[in-house]
Amino acid sequence: MSSSEPLAFRLNGQPVAVPCEDARILLDLLREDLQLTGTKRGCDLGTCGCCTVLLDGRPTLSCLTLGRLCAGRSVDTIEGLTPPQGLSAVQRAFVELGATQCGFCTPGFVVTATALLRDHPNPTREQIVRAISGNLCRCTGYLKIVEAIEAAGGGRTP
Amino acid sequence: MTTAPGAPSYRLLGQRIPYVEGPLKVTGRAEYTDDIRRPGMLVGRLLRSPWPHARIRSIDVRGARALPGVFAVLTGEKYPTPFGVLPITHDETAIAVGKARYIGDIVAAVAAADERTAEAALALVRIDAEPLPEYPDPQTGLSKVAEPIHARGLQGTNIQKEVVQHFGDVDAAFAHAAFTVRVRGTFAGVTHAFTEPMATVAEATPDGRLTVWSATQVPHYLHRSLSEVLGIPMHRIRVIKPEVGGGFGGKSDPLPHEIVCAALAIETGRPVKILFDREDVFYTNHGRHPTQNDVRIALDAEGRILAYDIEAVIDGGAWSSFGTVTTYYNGVLGMGPYRVPNFRYKGRRVYTTKPPSGAMRAHGGTNIRYSIEVALDRLAEEAGIDPFDLRARNALAPNSTTVNEFRITSTSFLACLAAARRASGWDAKHRRLPYGEGVGLGCGFYISGSNSPIHFTPKMPQSTVHLKVDMDGGIAVHSMQADIGQGSNTLLAAIVAEVLGVDLDRVHVQRVDSDVSPIDLGSYSSRVTFMMGNAARAAAEQLKAQLLAAAGALLSVPPDALEVGYERLQRRNDPEQGVSFLDALHRAMEHVGALTASGSYSTRPVGGSFKGARAGTAPAYSFAAYVAQVKVDVDTGEIQPQKIWAAFDCGRPLNRLAVEGQIEGSIHMGLGQVLGETMSYRGARLLNPSLLEYKIPMAQQMPEVEILLVGEDDPEGPFGAKEAGEGPLIATLPAIGNALYDAIGVRFTELPITPDRVLRGLDLRRQEGRPWKGA
């Protein structure tokens, strides 16, 4: 597929077709072209996990993903994982248990945690820690993040 | 929790209060600077020096200017006014003038229609530069050098600041000591590694005004610096702080790119955004100083500290930044949590041709603490005293004065020691765990806000808070305190709600905006809870008085017969008799409209009158005692911290969720420094400017943490509170270092303690034939 054809994929459940140069990175496409600024840019190098989105349901670093690779596939961002009113169970747990401080890494963690809980509705601590090993947080020391994911998983969201 | 019997209890304060902006953050709806888009916005880009030290003969920007899509190209001459966070050390310029001083120094800037054009323009800038000698090692800079990095270096050297202090008689004390010890510590530089890269958006409008949105911890100092360098009066500049994705000190200096962004906006008449990539962040640094310290401690036969004799050489990098303060702190923050009757300190901060060092969480108090606590651990062993007993024997007393005239008010340090000892099971573990496992004690002491504001002219309070409540019953709170994730907005709202007895939901903390926010000096020196908290309380008390007067009129009783209940004002003796908050409010508003109040907090003068006496003075201090338990793989040198018991005195914790979050985050950052993080240089070249090569701990590497909050109410803190933002980091490092000694019998005085250093330490011990715990 060449740059001249629009890129067609499912974005947050809706079909979209947008211009996308071959070298356009998914993160730029989302943040700059589609104004989906909930996905954060922390390093551009796949090291921090702030830009995590779901590609066909799997946590994926949008800063290392070419937009064109998403053709015909499904991309979910933090905006798409947020209910129209209120918060998801994971989001509620993050708020209530103090799992977010500066909040910049938070969308990435929420996306990762959402995918984990879809695969493992009741994850162990080890599964949680492994799942978030690609996401860096400098504020919380991760402890309250693990606690929040555990609570959301166990249906113990306050 | 050990709030003293009889201490008041509060409806909200002391609970676990979720952060007010949490729902925006977990949904990606919180607005950070890079999320701001303005119509017609240009991309600003910076050209950075490839030379560690060079004289810039000329810069040819004609090619860059001629490129279609380029709107402005700037070099240093246009805005040469020096600036810096401390008024006494203005040695930075927005863009290098005449000289580049480190790899990464900004030498030119462009504003262009898009990123690609901006990058292409930078590639067309031609610089004629003469390389000068590089000075990566602070030791070299202690004597005269061929080409001083700054003309203001001390007598032809690269020394930026020298501090010499002597209290009591240190030599006499050492002459009479029963035990003495010397620890020479070497500390690699570490950096903040917040997740949000710096970003600034600026827009100059035809009404002669300039608006700057920036990821800053200290909007007020940025406001001042913009005015000074750009030559625009402060009232025509509006500084707005969006959400900030972490700071830890790294966003507390006014930074050159913020001024450059504003200058580009003025030049082009268009909005301009400068967004850092991760390399920019690393080169901008302002992290903890690479440090060498030399600590001698003298003890008498009963285990009482007689004297400290401290020297420190700290690597400042290319600019002064907060460095004058850092130089003092590396000595004087050794003054607690123990009584030190004789004290000598010589500290020197040296410019080097490397990215600038600056303020990083527990600024100036971390490296010196490590060496002191390791020295005390050695002394305890030599004197045959348990490390806890040694520290308890020397604890600063409440309401005492240190030899350098720090005023100590509340301290629950003894309670910290007792709690950590008990919870960790210390007595059953110390020297009793199997080889390769160990426990260690480290303690901490930190300022609860710097007593001296950085700018003391004109005289103004450290913090001011404005409140406005209109007939809707919503309370708008304005203050320039800067929430960077620590939860200060939440605390501000909670204090107001507590005093007025209203639901937290009524209180809306407004975004920091210099057009409407009264000045608070921002988030640094762990000052916000103490200072903003007192200002918020003062403002809310004024509103409360107005509401009580109105309720009194409605109930036909004197206001002092009334008290605040939940969402109502009621008779003290008969709480059934009362009026709702809204009824009282509407009565109070008759004929005057919206109620407003302004509260402020100023520190009272404390400390001595000698030169440098203000450094380290604070209205209160935090105290800590941590025990770390570690396990060492003696074959690979790998260290696994297993648990940390963190006993902390922050006075009364006002938001337990936030206090725990600060302690857990501090431990994470402290573990990073003690076990792995390094700003790694070859000569003056930074080798690891990415989060791939500069590794911060991942979730797997966090040990279990047990938090023990044992503080009693501070007499001057808001509702008895003291700081919990920075102090909790400090004790982490020596607790780990001393636990390693207990585990494998090796003293580590070079940080970080990486596996290769562990193996080298084990080899050395074996060569010397000193078995440890039978191994």
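**Chain A**

I began with the secondary structure of chain A and counted five helices and five strands; I keep in mind throughout that this is a predicted model. Reading from the N terminus, I wrote down the order of the elements as β-β-α-β-β-β-α-α-α-α. I then looked up the radius of gyration of chain A, which is 16 Å and lies close to the 15 Å that the globule rule gives for 158 residues, so chain A is as compact as a globular protein of that length. Along its principal axes, the C-alpha trace of chain A spans about 50 × 30 × 25 Å. Of the 158 residues in chain A, I noted that 54% are buried. I also noted that, among the contacts in chain A with a separation of 6 or more, 60% are made by residues 24 or more positions apart.

**Where chain B touches chain A**

Next I turned to the contact between the chains, where 42 residues of chain B meet 41 residues of chain A. On the side of chain B that touches chain A, the elements that give two or more residues are α1 (22-26) and α16 (656-675) of chain B, and α16(B) gives the most, with six residues. I sorted the residues on this side of chain B by character and found 20 nonpolar, 13 polar and nine charged.

**The largest nonpolar core**

I asked myself which residues have the most contacts inside the largest nonpolar core. They are B:V110, B:V260, B:C416, B:V496, B:Y626, B:A647 and B:L740, in a core of 303 residues. Helix α14 (residues 528-555) of chain B gives the most to this core, with 14 residues. I picked B:V260 for a closer look and, leaving aside its neighbours within four places in sequence, listed partners that include B:G44, B:L46, B:L74, B:A94 and B:I274.

**A four-stranded sheet in chain B**

I followed an open sheet of four strands in chain B, which stand in the order β21-β20-β19-β26 with mixed pairing. Why is one side of β21 (507-509) and of β26 (595-601) left without a neighbour in the sheet? Both strands of chain B stand at the edges, and each has a single partner strand, so one side of each has no neighbour there. On average, and with direction ignored, neighbouring strands of this sheet are turned by 20° against each other. Strand β20 (residues 475-478) of chain B pairs with β21(B) in the parallel sense over three bridges, and I found that B:A476 has B:H508 in β21(B) as its bridge partner. Helix α14(B) packs on the sheet, where it touches β19 (463-469) and β26 of chain B, and its direction makes about 145° with that of β26(B).

**Backbone details in chain B**

Last, I checked the backbone and found a cis peptide bond from B:G336 to B:P337, with omega near -5°; B:P337 lies in the loop between α8 (323-332) and β15 (342-351) of chain B. Another cis peptide bond joins B:L751 and B:P752, with omega about 0°, and B:P752 sits in the loop between β32 (750-751) and α19 (755-767) of chain B.

I also looked up two positive phi values in residues other than glycine, and B:A362 has phi near 65°, as B:R431 does. Is B:A362 buried or exposed? B:A362 is buried, because 31 other C-beta atoms lie within 10 Å and the cut-off for buried is 20 or more. B:R431, in the loop between α12 (426-429) and β18 (437-447) of chain B, is instead exposed, with 11 other C-beta atoms within 10 Å.

Methods: Residues are numbered from 1 along each chain as its sequence is written. Chains are lettered from A and ligands numbered from 1 in the order in which they are written. This is a predicted model: local features need pLDDT of at least 70, side-chain atom pairs count only at pLDDT 80 or more; totals for chains, interfaces and linings use all residues. A residue is buried if 20 or more other C-beta atoms lie within 10 Å of its own, exposed if 12 or fewer, and partly exposed in between; C-beta atoms are placed from the backbone. The radius of gyration is taken over C-alpha atoms; the globule rule is 2.2 Å times the number of residues to the power 0.38. Two residues are in contact if their C-beta atoms, placed from the backbone, lie within 7 Å. A nonpolar core is a set of buried Ala, Val, Leu, Ile, Met, Phe, Trp, Tyr and Cys residues joined through C-beta atoms within 7 Å. Ala, Val, Leu, Ile, Met, Phe, Trp, Tyr, Cys and Pro count as nonpolar, Asp, Glu, Lys and Arg as charged, and the others, Gly among them, as polar. Two strands pair if DSSP finds at least two bridges between them. Axes are lines fitted to C-alpha atoms, for helices over the stretch in contact, and angles run from 0 to 180 degrees between N-to-C directions.
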